[in-house]
Structures are given as structure tokens and as C-alpha cells.
Amino acid sequence: MNPDTTTTIKTLGDFAYQAIDKHFKKTVKWEKSVKKDEDPEPLHQMRVGMRRLRTAVSRFGLSLNLPKSVSDKNIGKIARILGKLRDLDVLKEILENNYKPHLLPKEQESLKIAFSTLDKQREIELSHVYKTFKDELYKDFKTDLHDWLEKPSYQPLASLPIQQVLPDLLLPEVSGFFLHPGWLIGTEIVGSEVVVKTNWTPEQLEQHLKTEGETLHDLRKQAKRIRYQMELFTELYGESFTANITEVKHIQESLGMLQDSMVLNEWLADIFKSELNSQLRGLTTLLAANRYQLWQQWQPLQEQYLKAETSRKFHLTILQPM
């Protein structure tokens, strides 16, 4: 019998069921609109829904007997296929809205090559999405999770009170977030103190992004994971918890904009090769200036989260559910 989600949720199993049910329904309701491909928003919503569902399955899996098709690995595969198509939509939106209006007519003309390439790449990725919807992996995932929600099966751990296990569910991810090496990019250790370098030139930043950009991108993904996990439990905490989520979202978005600029630059370089600077010098200059500005905006957040007091307060908040 399904948990009664109209009453106060008390156990880990109740909470797990509610989260998986909510995000599964939110995800699959967008499928028809994604197939129509008339607007980019349904794809965005389905991708986010799949990511949130993956978070719920990953975080609560130890208390549930889920079907093999409803695994972190399988949901990740589906999410990545949706993500490749969504990433192209984001690139196009950034190019059209943020950069194209500021370019000279000659560069706007050169940009048509990029848009043409993007449209061809999008057709390929859209065909992969259509294929995924027809694949057994996706069909089994949908059918099996629907059946499980009709008749859920739990591990003994699911009977424990949610307040009792909540800190243990969240703290491993929180510790991984604060110990991520991405925080140390652009810093130096002076004595026992971590000092953020604020004197990098734009050229120095570009060099470090080439060698350490992937680490920063991974920190962004870690921020996203912890945010999604914390958002599963907002009703069980107070204002400090909500404020922490807002800060983590800010970190994710700040690093996300930096990553988008880097990805766009790499994508353009792949298309134009050695002619990138000669054909789109204005655009590459704007992109580099944007990254430098975003880095300067990132550093106060970095400095705050490198402080021991920030980590201590964050951990204490997790340890004190209502």
C-alpha cells in the first residue's frame, strides 16, 4: 500500500516515496512536449526533473528495493542524452542574446557558419533523444518505476524516523563539497591560512582555466548535487538551511556561467580552427572579458566558503533538523 502523503511524513521510507513519486511525475509529463520540439523549455524541465529524480534514487536507494531498471546509472544515461541536446540550445541562446548583438556586421556574418553547424548538431542529438524514448532502457525504467510506485518495496532502514537519519544522509555530500579541490584554484597557502589571489591578469586566468577548468566544472556539479539533495528536505529545516541552499545555488550559477563561456569558446574553436581569431576576434575578446568579470564575481564566494566558520555553521545547520 502506498504511503499516505497527506499525513505528516515521519519515516525515511515515507519521505523517499514522496520524493521519487513527485520527481518521476514531474519528469515524464514533459515527454510529449519534448517530442514535439516546438519550444526549448520542456526539454529543460525534463532534464532537470531527471536529474532531481536521480538525486532522490541515489540518496534514498539504500532504504528501498527498487527495480534494476530504476538505477542511478540508467537514469544518468537518459539525463545525459537529454543534456547534450539541451546544451546546444543553451549555446545558441547565449550566442544570439548575449554576444551577437554586440558584434560588427562582418562577424555576425561569420557567425552564420556557427549557427548552421549548431543546427546540424542539434538534429543529430534530437534523433538520439527520439531513439532513447523508443529504447527498452527508457521504457523499462518508466514501466518499472510506475509499478513500484503502485506497490513499493522497502529495506528495513526505511522504518527509521527521518529526523534521526537526515544528518547522516546529507553530511557525506556536504563534506565532499567543502573538501573539493576546486576551492583552492587561484589561492596560495600562507602559514596555515588559505589566501585568495586577487591579482591575476586576464592572461593568467585564461592559462589556469585551460589546465584547471575541469576541476572547477566538477565543483559546479558537486554544488548542484548538494543543492538538489538539500532541496529534498527543506520542510524539515528552518531558515538557515534555506539560506544555505540559496548560497549553494549562487555558487552553482556563478561557476555555471563561467563554464558556459569556456564551452562556447571551445566549441567555436572546434568549428573555426586556426581562423577563429581572424574571423571572430571581437567575439573571442568579449568572451575572455566576460570570463575575467565572472572570475572576479566568483572570488568573494570562494573566499567565504574557504573560511572554517562557514563550514562549521553549514555542518551545524545540517545536524539540527526541526
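A polar contact is a pair of N or O atoms within 3.5 Å, where, inside a protein, one atom must be able to donate a hydrogen and the other to accept it. With that in mind, we can begin at Thr 187 in this predicted model, where a polar atom of the Thr 187 side chain lies 2.6 Å from the backbone oxygen of Leu 184. Thr 187 belongs to strand β1, which covers residues 187–190, and with a relative accessible area of 14% it is buried, because residues under 20% are counted in that way. If its neighbours within four places in sequence are left aside, Thr 187 is in contact with Val 194, Val 195, Val 196, Lys 197, Gln 302 and Leu 306.

Several of those names lead on to the next strand. Strand β2 takes in residues 193–196, and four bridges join it to β1, the two strands running antiparallel. Within this pairing, Ile 189 of β1 has Val 194 of β2 as its bridge partner. Together β1 and β2 form a hairpin with two residues between them, and in the turn Gly 191 has a positive phi of about 70°.

From the hairpin we may look across to another glycine. Gly 238 sits in the loop between α8 (202–231) and α9 (239–272), and its relative accessibility of 31% makes it partly exposed. How far apart are the C-alpha atoms of Gly 238 and Val 190? They are separated by 37 Å, while the two residues are 48 residues apart along the chain.

Positive phi values also turn up away from glycine. In general, most residues other than glycine have a negative phi, so a positive value in such a residue deserves a second look. Asp 37, which is found in the loop between α2 (31–36) and α3 (40–60), has a phi near 55°, and with a relative accessible area of 26% it is partly exposed. Lys 273 also has a positive phi, near 55°, and its place is in the loop between α9 and α10 (276–279); its relative accessible area is 55%, so Lys 273 counts as exposed.

The aromatic rings give another way of reading the fold. Counting the rings of Phe, Tyr and Trp whose centres lie within 6.5 Å of each other, one arrives at 17 aromatic pairs. One of them joins Phe 133 and Tyr 138, whose ring centres are 5.1 Å apart and whose planes meet at 50°, which makes the pair tilted. Both partners are buried, Phe 133 at 6% relative accessibility and Tyr 138 at 1%. Another pair is formed by Phe 178 and Phe 314, with 5.3 Å from centre to centre and 75° between the planes, an edge-to-face arrangement. Phe 178 lies in helix α7 (residues 162–178) and Phe 314 in helix α12 (residues 308–318), so this pair ties together parts that are 136 residues apart in sequence. Phe 178 counts as buried at 14% relative accessibility, and Phe 314 is buried too, with a relative accessible area of 2%. These two residues also take part in a cluster in which ring pairs link Phe 177, Phe 178, Trp 183, Trp 298, Tyr 305 and Phe 314.

Finally, we can step back to the chain as a whole. The domain assignment divides the protein chain into domain 1 (12–156) and domain 2 (162–319), and the C-alpha centres of these domains lie 23 Å apart. How many residues of domain 1 are in contact with domain 2? There are 28, and they meet 29 residues of domain 2. The size of an interface is often given as the accessible area lost when the parts come together. Between domain 1 and domain 2 the buried area is about 2,500 Å², and carbon and sulfur atoms give 70% of it. On the side of domain 1, Phe 15, Arg 59 and Tyr 99 supply 27% of the area that this domain buries against domain 2, which is more than any other three residues.

Terms used
Residues numbered from 1 in each chain as written. Predicted model: local features only at pLDDT ≥ 70, side-chain atom pairs only at ≥ 80, totals over all residues. Heavy atoms only, no water. Phe/Tyr/Trp six-rings, centres within 6.5 Å; stacked < 30°, edge-to-face > 60°. Buried < 20%, exposed > 50% of the residue type's maximum accessible area, 1.4 Å probe, protein only. Contact = heavy atoms within 4.5 Å. Pairing = 2+ DSSP bridges. Domains from an automatic or database assignment. Buried area = accessible area lost by both parts, 1.4 Å probe.
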